[in-house]
Structure formats: C-alpha cells, structure tokens
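Let's take a walk through a protein chain together, one stop at a time. Have the sequence and the 3D view ready, and turn the view as we go.

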Amino acid sequence: MGTRGQITISRRTVLAALAASVPLMSASATRAQSDLATPVLPGSPDARPVTVTVAGRGIRVDGQPFAVRGVAGDGPLALLPGLGATTVRSYGEDPGPLLDEAGLLGLKVIAGLWVGQPRQGADYADAAFRARQLAELEAVVTRYREHPALLMWGIGNEVEVELADDTPVWPVIEEVAAMVARVDPAHPSLAVLAETGTDKVEKLRRAAPSVTVLGLNSYGDALYTVAERSRKQGWDGPIIVTELGALGQWQAARTPWGAPFEPSSSQKAIQLRRYLTALEEAQVGAILFLWGQKQEVTPTWHSLLLPDGAWLEAAEAMAEAWGGQAPGGNQAPRIDTLRVATDPSAPYASWAAEQEGSFTLDAVEPGSDLMEVRWLVMAESTGRGVGGDPEAVPELYPDAVRQSGPTGARVSGLAPGHYRLFVEVRDGQGAAATANMPFEVR
C-alpha cells in the first residue's frame, strides 16, 4: 500500500532531542528482548557493519536471533525503542537519513529499493529501463551496505498489483535480488507482495530464488492465516508482514453510497492486539502501517500518529506485544461509541438540507487527565488511490459544526452531499483517540 513520496510527517532533524525523549523500558521489556541481537549504535566507537543471515525460518544478526518488530513510515522514531520495536521499514527514498537516525536509537532498518510498478508506467519490456533501474539500485546498495543500522534490503512494494499478467515482474525482482546478493552478501533481500494470492508466493519462490525473506502486506483477519497460506505455497524461509493494519478499507462494510466504515482508534487497537499476538506465536515478523500520517480514504484510517505526533492506542498494543511500555507509562484516551443521537444503532447519519444532524460521544481517559475534544467535518473522499497511491485531502467545512462539546456535536448548514464527522480526543500528555462517522445531507 504505502509508496514512495506519500508520507506527510517530516523526519525530525534534532536527533539528540529525540533520543532524550525515549522513555525507559520496563523490566518486562528487558526480559522480552533478552534474546535479540544487541544493537550497536553508529555513534559509538565500536560501531561496525553487521552480518545478517537467514537460519531456517529465523533471522540472525551477527549470529544472534533477531525479532523483526516495528513500523513503516516517516514519523518520529524516538518513541519506538520504548515500545519494544526493533525495526523500521522504508520504501525507496534515500535511506541514509533514516539509517543514521535509527542507528542512534538502536533500531535496524529494512531499506527499501523502489522497483517501478507497471501500473504506474514501468515498462519491463524496455531493456534500457531495466538496466537503468538496476544500476540506480546498485548504487544505493553499494553506498549503504556497510551502515551498522542496515538489516536487509526490501525489494519493491506490491509491484504485481493490478496486473492482468504479472509474469514480467518476477524476473525483475530476481535481477535486483541477485544484484544484492552479489554486491552485499552480508544482508539478505526481501521482496514485498500484496498478500499471498492463490499462487503469488509460489511464483516468487520459483522465479526469484535469490530472495531469501518473504514480505507480505496483509490486513485484518487475513493476518491470522497469512503464514499458513504462505507455507502451503512452498515458502519455508522467514516471513515478515511488511505492512499490517487492523482493517483495510477494501475489507470494510460500506454505506449505501459506498463510503467504508472506519473503526475508531480504540477498535483498531483491540484488533491489533489480537493480530500481533497471533504473529508472535507464528514467529512472523510484524511491521505496522503507518508510523506517520497520510490521507487514504480518511486522514486517520492507517495513521498511527496524528499530524502533530500525538500517538494513539495502537502504540499500547505494540508495547504489550513486544514487552515495551507506552510513552511515559501513559494510556491513550478510549472512544467507546460515536453515535447518531436520534438513532443510536444507525451506522451512518442522514438528514435533509434544512435540518441538522446530532451526534453523541462516549469517551474515557484512563489516566483521569483532562480531555480535550475536537470536532470537524470533511467531505467524503472521492479520489481513491490504488495500492496506497496519493490521494488529495478532501475539503474541510469548519463552520458546519455548530455546537460541540465532550459528549456530542450538532452539524448543519451543508449543501446536499456526502461527508464525515471526525472527533479527536486528547489527554494533554501526548496521546489521543479518533473516530469518524459518514453522513449524507439530502
């Protein structure tokens, strides 16, 4: 889903300030990670490149078992070590700044090598294009192969998506993987597919033998069986879910006008706890999408952070699964329900243009901090991207929320059309909760 150039939060540049803000890990975090390779910080005198090997279904860093637990995205990294994360995934931008920042925090990086997608115009019948792309990727591998924070190379992202015939992509993936094996034998290559399909893993296994780690983007309840389905197609090496989320918009129920229902941040966290537990039990690596903020159906669907860096309950789910601790030991606000006041069981709201809509909110703050509640109305997104392609942020209607408070809001003054009401609940301690509801004005 995620692609190069889509992530909207910029990386912080003051690394010392970021590192200073990392919360101490709990004793349970130390116990949970005792079997992981000890990170060597690039800034320390003994910083050196590491050798990463595939051992059966596991990954080893300098001979020690390494559990891939982390995120994809461009948000601030300082919170991640305290959550128990070990890894950050990139997609294809210059990995240098990320490698440097991650290394200072003791994190490893799956550095993305962007492979052009045929649905976006990449022509793999053009030998000159393939040669140029391979040379550009080889230059990246050559430049960063000795970086101490490098874990492995991530080849492409869903290159096979939306193709009636995916035959041309597998030889290209093998070309890149073979180049990595030749130029940087100390770090394995991983190829990223959009789920397993009925035979995609088998195609990759047969056509790209130089790929030694399988990456799969998978969402929702498909995560329970993703490892089993991969094994049935013959993959016996390490598996990393390179993107995972509580629910993909393509999996969600919809309104009569086609708007998918987005779970609240609290509902997402409940599901993520289940999925992360299942992946840990299956010994499958887990990379959550998206550590940052982006518009994809809504600005909150896949975002694990708000634009100002406030973290959601998903961070607690990560910490619980990985033996870490939420920032400062804090708990995010919880949203129990966002409902239509006149019909609490209605999944969406609908009213005539001359009328108004009324909504109720039931939210709690576990730490008893004072909650700040923000409401806003946005047009329903119509420019839906494919595979995470960029989407324009829909128009905001700041004057449509006529009355609002901690327990509800009233909306009016809108022209006929389709919209969403969003609510943010913040605790003033860096944590937040979000929910939204689609509605129509007739």
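Between which two strands does the loop with Gly 56 lie? Gly 56 is in the loop that runs between strand E1 (52-55) and strand E2 (58-61). Before we look at its surroundings, please keep in mind that this is a predicted model. Gly 56 has a relative accessibility of 52%, and exposed means over 50%, so Gly 56 counts as exposed. Now look for its partners further along the sequence. Leaving aside residues up to four places away in sequence, Gly 56 touches Asp 236, Gly 237 and Pro 238. Take Pro 238 as an example: 182 residues separate it from Gly 56 in sequence, yet the two C-alpha atoms are 7.1 Å apart in space.

That pair leads us to a view of the whole chain. Among contacts between residues at least 6 apart in sequence, 71% join residues at least 24 apart. The chain has 442 residues, and buried ones make up 57% of them. You can also find 10 helices and 19 strands in the chain. As for the outside, the accessible surface is about 17600 Å², and carbon and sulfur atoms account for 52% of that.

Our next stop is another loop. Gln 117 sits between strand E6 (108-113) and helix H5 (127-144). Is Gln 117 buried or exposed? Its relative accessibility is 2%, and buried means under 20%, so Gln 117 counts as buried. Setting aside residues up to four places away in sequence, Gln 117 touches Ala 122, Asn 157, Glu 158 and Val 159. With Asn 157 there is a detail to look for: a polar atom of the Gln 117 side chain lies 2.6 Å from the backbone oxygen of Asn 157.

Now let's see how two helices meet. Two packed helices are described by the angle between their axes and the distance between the axes. Helix H6 (residues 169-183) packs against helix H7 (residues 200-207) at an angle of about 50 degrees, and the axes are 9 Å apart. H6 and H7 are therefore oblique to each other, and their crossing is right-handed. Which residues meet there? From H6 come Trp 170, Ile 173 and Glu 174, and from H7 come Lys 200, Lys 203, Leu 204 and Ala 207.

From helices we move to a strand. Ser 218 belongs to strand E9 (residues 213-219). Its relative accessible area is 0%, so Ser 218 is buried. Which residue shares a side-chain polar contact of 2.5 Å with Ser 218? The partner is Glu 195, joined to Ser 218 side chain to side chain. Beyond residues up to four places away in sequence, Ser 218 also touches other residues, including Leu 223, Val 226, Val 241 and Gly 245.

The last stop is Ala 317, placed in helix H10 (residues 314-322). Ala 317 has 1% relative accessibility, so it counts as buried. Not counting residues up to four places away in sequence, Ala 317 touches Ala 269, Leu 272, Arg 273 and Leu 276. You can also look for Thr 277, which is 40 residues from Ala 317 along the chain, with 9.6 Å between the two C-alpha atoms.

Key:
Residues numbered from 1 in each chain as written. Predicted model: local features only at pLDDT ≥ 70, side-chain atom pairs only at ≥ 80, totals over all residues. Heavy atoms only, no water. Helix = DSSP H or I, 4+ residues; strand = E, 2+ residues; numbered from the N terminus. Buried < 20%, exposed > 50% of the residue type's maximum accessible area, 1.4 Å probe, protein only. Contact = heavy atoms within 4.5 Å. Areas by Shrake-Rupley, 256 points an atom, 1.4 Å probe, with all protein chains shown as cover. Polar contact = N/O pair within 3.5 Å; in protein donor to acceptor, adjacent residues only side chain to side chain. Axes fitted to C-alpha atoms, helices over the stretch in contact; angles between N-to-C directions. Parallel < 35°, antiparallel > 145°, perpendicular 65-115°, else oblique. Left-handed = near helix turned anticlockwise from the far one by under 90°.
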